[in-house]
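Okay, thanks for coming, everyone. I'd like to walk you through a structure that's new to the group, so let's put it up on the screen.

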Amino acid sequence: MNRDEIVDGPKPKHAQLRDILRRMAEQELPPGSPIPSERDLAQQYRVSRITVRAAVGQLVAEGLLTRAKGRGTFTARRRMDVQLYLESFTDDMRRRGLLPTTEVHRCADEVPPPAAASALGLPPHEPACHLVRLRRADGVPLAVERGWYHPGIVPGLQRHDLTGSLYAILADTYGVQLDHARQTVWAEGADPETAKLLGIRTGSPLLVFRRVTSSAGRPVEDMTSWYRGDLYQVTMQLDRTDPDSGPFSAKGR
């Protein structure tokens with residue numbers, strides 16, 4: 001039997017078509033390519049449009065296909081793994097063979113919110129550098145970063161060209177080598193401002209990372225990054241260890 005042929009049998013026709021379209025999306029078409037229309041698929045595989053709709057809908061739910069209103073259905077862009085170690089966005093993208101670019105949308109001394117002031121060890125109402133940047137790879141908007149930087153450790157940060165690697169500036173200009181970070185990850189829908197910057201709809205899923213980074217025990221950066229959920233994923237390796245030996249051990253409580 002031709003693997004692209006749909007036949008009567010124990011396997012539902014929508015599941016057979018789903019497998020054909022999955023192979024098309026994963027192996028045959030590059031990311032962002034259109035797939036045949038609902039009508040064309042129904043005619044080509046001699047199935048009902050309801051069957052086509054069910055197969056396509058399952059692959060949209062899995063993230064292999066995306067629908068664009070008025071334009072059709074397309075193969076989704078491949079998700080990239082977010083790196084869970086200290087590396088600049090610029091270096092990360094270059095390592096992947098992508099061209100990183102950065103737009104600075106705000107850079108000014110402002111009074112940080114209480115959570116950021118506390119993370120940086122600043123007294124109330126002391127200004128810090130507030131930096132907002134849009135990060136792209138090969139021209140595609142990937143993330144919005146909003147960060148606060150300790151004014152005593154990196155004074156005058158706004159005087160520098162911040163369209164490249166910030167971590168390189170910290171190291172080369174200020175002699176600050178970031179060596180430790182505590183990061184928290186959660187998911188949320190895009191607010192209107194973030195959605196506009198990323199070129200997505202309000203409410204679209206985002207991966208959010210808040211990272212407080214330090215150098216030699218001194219907090220330098222409190223940055224929150226909003227990554228597009230359709231382009232990023234987090235992969236972690238988990239090893240089985242003694243649950244009483246980790247940082248959340250109940251011993252001694």
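Let's start with one residue: Ser33 is buried, at a relative accessible area of 13%. By buried I mean under 20% relative accessible area, with exposed being over 50% and partly exposed in between, using a 1.4 Å probe and protein chains only. A quick word on where this comes from: it's a predicted model, where local features need pLDDT of at least 70 and side-chain atom pairs count only at pLDDT 80 or more, while totals for chains, interfaces and linings use all residues. Residues are numbered from 1 along each chain as its sequence is written, and side-chain values use heavy atoms, with hydrogens and water left out.

Back to Ser33, then. You'll find Ser33 in the loop between helix 1 and helix 2; helices (H or I, at least four residues) and strands (E, at least two) are DSSP runs, numbered from the N terminus. What does the side chain of Ser33 reach? The backbone oxygen of Pro30, at 2.8 Å. That's a polar contact: a pair of N or O atoms within 3.5 Å, where within protein one must be able to donate a hydrogen and the other to accept it, and residues adjacent in sequence count only if both atoms are side-chain atoms. Not counting residues up to four places away in sequence, Ser33 also touches Thr73, Phe74 and Thr75, contact meaning heavy atoms within 4.5 Å.

Zooming out, the protein chain has seven helices and ten strands. Of its 253 residues, 41% are buried. As for confidence, pLDDT is the predictor's own score for each residue, from 0 to 100, and the chain averages 86. Among the elements, helix 5 (residues 114–120) has the highest mean, 97, and strand 3 (residues 80–81) the lowest, 66. Be wary of residues 246–253, please: pLDDT stays under 50 there.

Now the cores. A nonpolar core is a set of buried Ala, Val, Leu, Ile, Met, Phe, Trp, Tyr and Cys residues joined through side-chain atoms within 4.5 Å. The largest one here has 17 residues, and Leu17, Leu21 and Leu41 are among those with the most contacts inside it. Helix 1 (13–28), helix 2 (38–45) and helix 3 (49–62) each supply at least two residues of this core, and helix 1 gives the most, with five. Apart from that core lies another, of 16 residues, among them Cys129, Ile169, Leu170 and Leu178.

Next, rings. How many aromatic pairs does the structure hold? Just one. Rings of Phe, Tyr and Trp (its six-membered ring) pair if their centres lie within 6.5 Å; planes under 30 degrees apart count as stacked, over 60 as edge-to-face and the rest as tilted. Phe209 and Tyr227 have ring centres 5.4 Å apart and planes at 85°, so this pair is edge-to-face. Phe209 sits in strand 8 and Tyr227 in strand 9 (residues 218–228), so the pair ties together parts 18 residues apart in sequence. Phe209 is buried at 3% relative accessibility, and Tyr227 is buried at 11%.

One last stop, another serine. Ser215 lies in strand 8 (residues 205–215) and is buried, with a relative accessible area of 5%. The side chain of Ser215 reaches the backbone oxygen of Gln177 at 2.9 Å. That's my tour, thanks!
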